[in-house]
Amino acid sequence: MNAGQAVVLSPKDVRRIRGYVKQKYATLSDQSQAEIVADAVKQVLYKRLPDFEESLKQQLLTDLIQTYIQTNSGPVSQEQIIELCSKLNLADPLIAQPYVNWLDESKSIPENVEATAALHTENKLSGEKNVSKSWQTKFLNNWQRNKKTLIFGGLSLILIASLVGYFQAFAPVTSRPAEEAIINNTRTAAEDKVQAVSSINELPETLRFQLTDTAKLKLYLEGKASILAEEPYFSAIIDAAKQFDIHPVLLFAITGQEQAFVPKTHKRAKEIANNPFNVFHSWKDFNTSISESAQIAGRTIARLSKDRPEGTDAITWINREYAEDPKWSDGVRIIFTSINRFIEKEL
């Protein structure tokens with residue numbers, strides 16, 4: 001990283017936040033602490049992004065985190081944000097104006113020439129604020145001096161439950177007042193997520209956990225040549241269903257919709273089976289253990305089941321965030337019904 005390149009979030013910042021959470025929430029589990037840290041880190045990044053309209057800002061935050069997961073190295077810098085912003089439609093005054101303001105406040109220099117050119121014409125497009133000649137000159141003279149950096153390695157560990165081991169590797173560090181405020185401001189949302197794990201979710205009774213004929217369930221999966229009928233996959237999914245009070249057939253139905261139950265004939269079946277729910281985007285981006293991915297899927301379903309409007313189908317309600325495809329819920333529902341019919345019929 002260039003000496004003059006501003007860091008938005010460093011590994012030291014993350015250690016400081018982690019130490020504060022470990023001290024203040026010592027009674028919570030390591031995984032619950034990890035969730036609080038993850039929310040706090042997201043809030044830090046969110047507050048340091050350009051003041052775009054909400055949906056765009058949230059998308060930028062998602063892209064920033066996703067870029068980290070793919071690169072897995074280095075601190076988060078202003079350069080990284082600039083690189084993502086350069087892909088936006090900077091000819092749109094509603095995007096260009098907040099971006100210019102952010103650059104002006106942060107004293108950042110965009111690396112992308114096209115972004116610089118777009119900013120040069122922003123005064124003509126918006127009709128509200130001119131970009132000064134000195135500002136333009138500063139862009140032209142300095143855009144080459146910054147080079148690409150990768151997002152720091154700790155963030156992905158924060159976003160996944162494997163932070164448990166990472167937590168134990170560091171001694172607590174006292175946080176700064178500003179960081180403590182950020183953590184306290186995110187405490188309610190984070191603890192809501194923790195509470196969702198231990199409390200009964202808002203799924204209808206038909207989707208709540210119940211004992212099922214595991215022999216028939218395995219038989220159904222074997223009929224699909226599914227590796228999930230084997231261990232440790234089968235038991236891990238059943239255990240997650242118990243933990244989050246979710247019908248086990250629903251979790252298996254999601255694997256059917258996402259990965260066709262992971263046929264053993266697939267050359268990468270064992271990799272896919274680590275994350276057949278495609279949590280954190282996909283099994284390629286987040287390849288973990290079946291136990292961890294099943295728990296994340298269960299926690300996500302429990303959270304997404306909350307505040308369902310009266311008369312709205314529960315699986316459709318979960319679809320709003322779990323999958324981009326609006327027909328995802330139709331597939332899950334059909335598979336859920338199909339598995340239950342198979343289990344219920346006499347052989």
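The following paragraphs describe aromatic pairs, charges over rings and salt bridges in a predicted model.

Aromatic contacts make a good starting point. The structure contains six aromatic pairs. One of them joins Y99 and W102, whose ring centres are 6.2 Å apart and whose planes meet at 15 degrees, so this pair is stacked. The cut-off behind that label is an angle under 30 degrees between the planes. Both residues belong to helix 5, which covers residues 93-106, and they are three residues apart, about one turn of the helix. Y99 is buried, its relative accessible area being 0%. W102 also counts as buried, because its relative accessibility of 9% falls under the 20% limit.

A further pair is made by F234 and F252. Here the ring centres lie 5.4 Å apart and the planes stand at 35 degrees, so the pair is tilted. F234 is part of helix 13 (residues 233-243), whereas F252 is part of helix 14 (residues 248-259), so this contact ties together parts of the chain that are 18 residues apart in sequence. F234 has a relative accessibility of 3% and therefore counts as buried. F252 is buried as well, with a relative accessible area of 0%. Elsewhere, Y220, F261 and F342 come together as one aromatic cluster.

Charged side chains also meet aromatic rings. F234, already met as the partner of F252, has the charged end of K218 over its ring, at 4.8 Å from the centre. In another such arrangement, R320 lies over the face of W317, and the distance to the ring centre is 3.8 Å.

Salt bridges come next, and the structure holds seven of them. R208 is a convenient residue to follow. Its side chain meets that of E205 in a salt bridge with an N to O distance of 3.6 Å. The two partners differ in their surroundings: R208 is buried, with a relative accessible area of 14%, while E205 is exposed, with a relative accessible area of 59%. R208 forms a salt bridge with D245 too, and in this case the closest N and O atoms are 3.7 Å apart. R208 sits in the loop between helix 11 (177-198) and helix 12 (214-223), and D245 in the loop between helix 13 and helix 14, so their contact ties together parts 37 residues apart in sequence. Both R208 and D245 are buried. Taken together, E205, R208 and D245 are linked in a network of salt bridges.

Another salt bridge involves D313 and R333, whose side chains meet at 2.7 Å, N to O. D313 is found in the loop between helix 16 (290-304) and helix 17 (314-322), and R333 in helix 18 (residues 328-344), so the pair ties together parts that are 20 residues apart in sequence. D313 counts as partly exposed, at 34% relative accessibility. R333 is likewise partly exposed, with a relative accessible area of 24%.

Technical notes
Residues numbered from 1 in each chain as written. Predicted model: local features only at pLDDT ≥ 70, side-chain atom pairs only at ≥ 80, totals over all residues. Heavy atoms only, no water. Phe/Tyr/Trp six-rings, centres within 6.5 Å; stacked < 30°, edge-to-face > 60°. Helix = DSSP H or I, 4+ residues; strand = E, 2+ residues; numbered from the N terminus. Buried < 20%, exposed > 50% of the residue type's maximum accessible area, 1.4 Å probe, protein only. Lys NZ or Arg CZ within 6 Å of the ring centre and 35° of its normal. Salt bridge = Lys/Arg side-chain N within 4 Å of Asp/Glu carboxyl O.
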